[in-house]
Amino acid sequence: VGDAFTTGGTRMNSQDINSLLGKVLRMTLDGKPVKTNPYYVDEDIKKARNYVWASGFRNPFGLSIVDGRVFVGDNGKEVDRFIEVGEGGNYRWDGSDMSITTNALAVFSPAQGLAQMAFVKPASEALPAGFAGKFYLLLCGDPDTDPIKDPGRGVMMLDYDFADDRLAAVPDYFVRYRGSSFQVLAGLASGPDGLYIAPILPFKDGGSAVLKVRYSGPNAHPHTFENERDPRQLLEARGCYGC
């Protein structure tokens, strides 16, 4: 749940255990608090602390549980982060960009609107071996920014080493939005036959779509990262914007 922070406000909801905001919550399937939650005191469903499992988040849009371990994509103001979350942990969001980097496994700067997250199991047949056993993070983009001027929206792939608790490679794009019309990516899910992506806005004809990425063997695709011709994409990929 996001922290619902308002400009000029003084109360940091994410640091208040008696607030549901800025938290990862855990409840039973019938909506009751779990007795083993770290701040549980009684069965009262009106006490926020009974539901709190971890605190200190700005906007934890994405959450995946892999072999009992919880991973969160936390959407910041100017910086986003990917973190592993432990029971009773406080992830220190205090309204600053510095705090959103705390305990991060990966930081996305500038922020690209880190939204939903999916994990493709190692044994999955939906994607080739080099793409299975990875996290996929949806970067929805800034809703107020033209995608042509802000080309970062797409799906990022993260290779995580579960034994050493760290990333095994630099995060890289798996899919990048190439459209010229305004669009925001909103949904991401791993299915048995591919990775599903849902744009939130309708097309010019009024229709909407759910996109599926699947492996198609030797069939070539007209737009691959190796054959990228867009100068903006090349400048970003080669680090030229830093010069």
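Start by selecting Ser19: this residue is buried, with a relative accessible area of 7%. The model on your screen is a predicted one, so please read each stop on this tour in that light. Ser19 belongs to the segment before β1, the strand at 23–25. Now add Leu21 to your selection and show its backbone. A polar atom of the Ser19 side chain lies 3.1 Å from the backbone nitrogen of Leu21.

**Zoom out: the whole chain**

Colour by secondary structure, and you will find two helices and 15 strands in the protein. Aligned with the principal axes, a box of roughly 60 × 45 × 40 Å holds the C-alpha atoms. The radius of gyration is 19 Å, which agrees with the value near 18 Å that a compact globule of 243 residues would have. If you colour by accessibility instead, 38% of the 243 residues count as buried. For a contact map, consider the contacts with a separation of 6 or more: 47% of them are between residues 24 or more positions apart.

**A sheet from β3 to β6**

Next, select β3, β4, β5 and β6. These four strands make an open sheet, in the order β3-β4-β5-β6, and their pairing is antiparallel. At the edges are β3 (62–66) and β6 (106–108), each of which pairs on one side only. Ignoring direction, neighbouring strands here are turned by 20 degrees against each other on average.

Stay with this sheet and pick β5, residues 80–85. Three bridges pair β5 with β6 in the antiparallel sense. Show Phe82, and opposite it in β6 you will see Ala106.

**A second sheet, with β8 inside**

Move on to β7, β8, β9 and β12. Here is another open sheet of four strands, ordered β7-β8-β9-β12 with antiparallel pairing. Which strands stand at the edges? They are β7 and β12 (172–176); each has a single partner strand, so one side of each is left without a neighbour in the sheet. On average, neighbouring strands of this sheet are turned by 25 degrees against each other, direction ignored.

Now isolate β8, residues 134–139. This strand is mostly covered, and six of its six residues are buried. In a regular strand, side chains alternate between the two faces of the sheet. Show the side chains of β8 as sticks and rotate: Lys134, Tyr136 and Leu138 point one way, while Phe135, Leu137 and Leu139 point the other way. Both sets are buried, Lys134 included.

What joins β8 to the strands beside it?

- Towards β7 (residues 114–120), five bridges join the two strands, which run antiparallel. Select Phe119 to find its bridge partner in β8, Phe135.
- Towards β9 (residues 154–158), five bridges join the strands, again running antiparallel. Leu137 has Met156 of β9 as its bridge partner, and Leu139 has Gly154 of β9.

**Last stop: the cysteines**

Select Cys140 and Cys240. Is each of them buried or partly exposed? Cys140 is buried because its relative accessible area, 11%, is under 20%. Cys240 has a relative accessible area of 34% and is partly exposed. As for disulfides, a pair of cysteine sulfur atoms within 2.5 Å would be needed, and by this rule the count comes to zero.

Methods. Residues numbered from 1 in each chain as written. Predicted model: local features only at pLDDT ≥ 70, side-chain atom pairs only at ≥ 80, totals over all residues. Heavy atoms only, no water. Buried < 20%, exposed > 50% of the residue type's maximum accessible area, 1.4 Å probe, protein only. Pairing = 2+ DSSP bridges. Axes fitted to C-alpha atoms, helices over the stretch in contact; angles between N-to-C directions. Polar contact = N/O pair within 3.5 Å; in protein donor to acceptor, adjacent residues only side chain to side chain. Rg over C-alpha atoms; globule rule 2.2 N^0.38 Å. Contact = heavy atoms within 4.5 Å.
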